[in-house]
Amino acid sequence: MNAIARAIDALNEGFGRLIAPLLAVITLIVIYDVGMRFLAGRPSDWAFDVTKMLFGAHFMLMAAYGLRHHAHVEVDVLKRLLTRRKQAVLDLVGYLIFFVPFIWMLLTYGWSFFSRSFSRGETTYGMVSIPVYPVKAVIVIAAVLLLLQAIAIVIRALRALTGKEAA
């Protein structure tokens, strides 16, 4: 079980490190667009749509990486007062009752959202018609990565409960 948790951690770590530089690409596109406004007197036809889509993809794809590194908001004030075993119970309850069902809904509705967009060939409404379905597929990918990271956290909590390993 511990090997599964480590494999999930490695997957999300690698994926996060792969996606993180996308922020530099977004920044370069924004700089290009601002330069076009000042130098040519008008923005590009595509830059706003592309940066909006890339930023959304970046945000969603980095969520599991953030969860892996505990970068999300947690209520640590009370949790720190508990023993390791009680913290593990709190993690199990929190993830199994609240987090996993939410991610499952994100996965199922995200798939519906993506498949509808793909089947209709949905594009942006700007001067340049950019396909939207790849960005909507990111919702499904992010949900899978988040669900996997939640599984790794639950595995660690179970191991902490059995006394085999610290959470």
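A salt bridge is taken here as a side-chain nitrogen of Lys or Arg within 4 Å of a carboxyl oxygen of Asp or Glu. With that criterion, a search of the whole structure, which is a predicted model, finds seven salt bridges. Several of them are followed below, after which the text turns to the nonpolar cores.

One of these pairs joins Asp33 to Arg37, whose closest N and O atoms are 3.9 Å apart, a value that falls within the 4 Å cut-off. Both residues belong to helix H2, which covers residues 22–39, and because they are four residues apart in that helix, about one helical turn separates them. The two partners differ in their surroundings, since Asp33 is buried with a relative accessible area of 9%, whereas Arg37, at 46% relative accessibility, counts as partly exposed.

A second pair is formed by Asp45 and Arg42, with 2.8 Å between the closest N and O atoms. Here Asp45 is partly exposed, its relative accessible area being 31%, and Arg42 is likewise partly exposed, with a value of 46%.

The salt bridge between Lys79 and Asp91 has its closest N and O atoms 2.7 Å apart. Lys79 lies in helix H5, residues 76–79, while Asp91 lies in helix H6, so this pair ties together parts that are 12 residues apart in sequence. Lys79 has a relative accessible area of 15% and Asp91 one of 16%; because buried means under 20% relative accessible area, Lys79 counts as buried, and so does Asp91. Beyond such pairs, Glu13, Arg17 and Arg68 are linked in a network of salt bridges.

Turning to the nonpolar side chains, the largest nonpolar core has 20 residues, and those with the most contacts inside it are Leu67, Tyr95, Ile103 and Leu146. The elements that contribute two or more residues to this core are helix H4 (63–68), helix H6 (84–120) and helix H7 (133–162), and the largest share, 11 residues, comes from H7. The surroundings of Leu67 can be followed residue by residue: when neighbours within four places in sequence are left aside, Leu67 is in contact with His72, Tyr95, Phe99, Leu146, Gln149, Ala150 and Ile153. Two of these partners, Tyr95 and Leu146, are themselves listed among the residues with the most contacts inside the core.

Apart from this core lies another, made of six residues, among them Ile29, Ala47, Val50 and Val132.

Notes: Residues numbered from 1 in each chain as written. Predicted model: local features only at pLDDT ≥ 70, side-chain atom pairs only at ≥ 80, totals over all residues. Heavy atoms only, no water. Core = buried A, V, L, I, M, F, W, Y, C linked by side-chain atoms within 4.5 Å. Buried < 20%, exposed > 50% of the residue type's maximum accessible area, 1.4 Å probe, protein only. Contact = heavy atoms within 4.5 Å.
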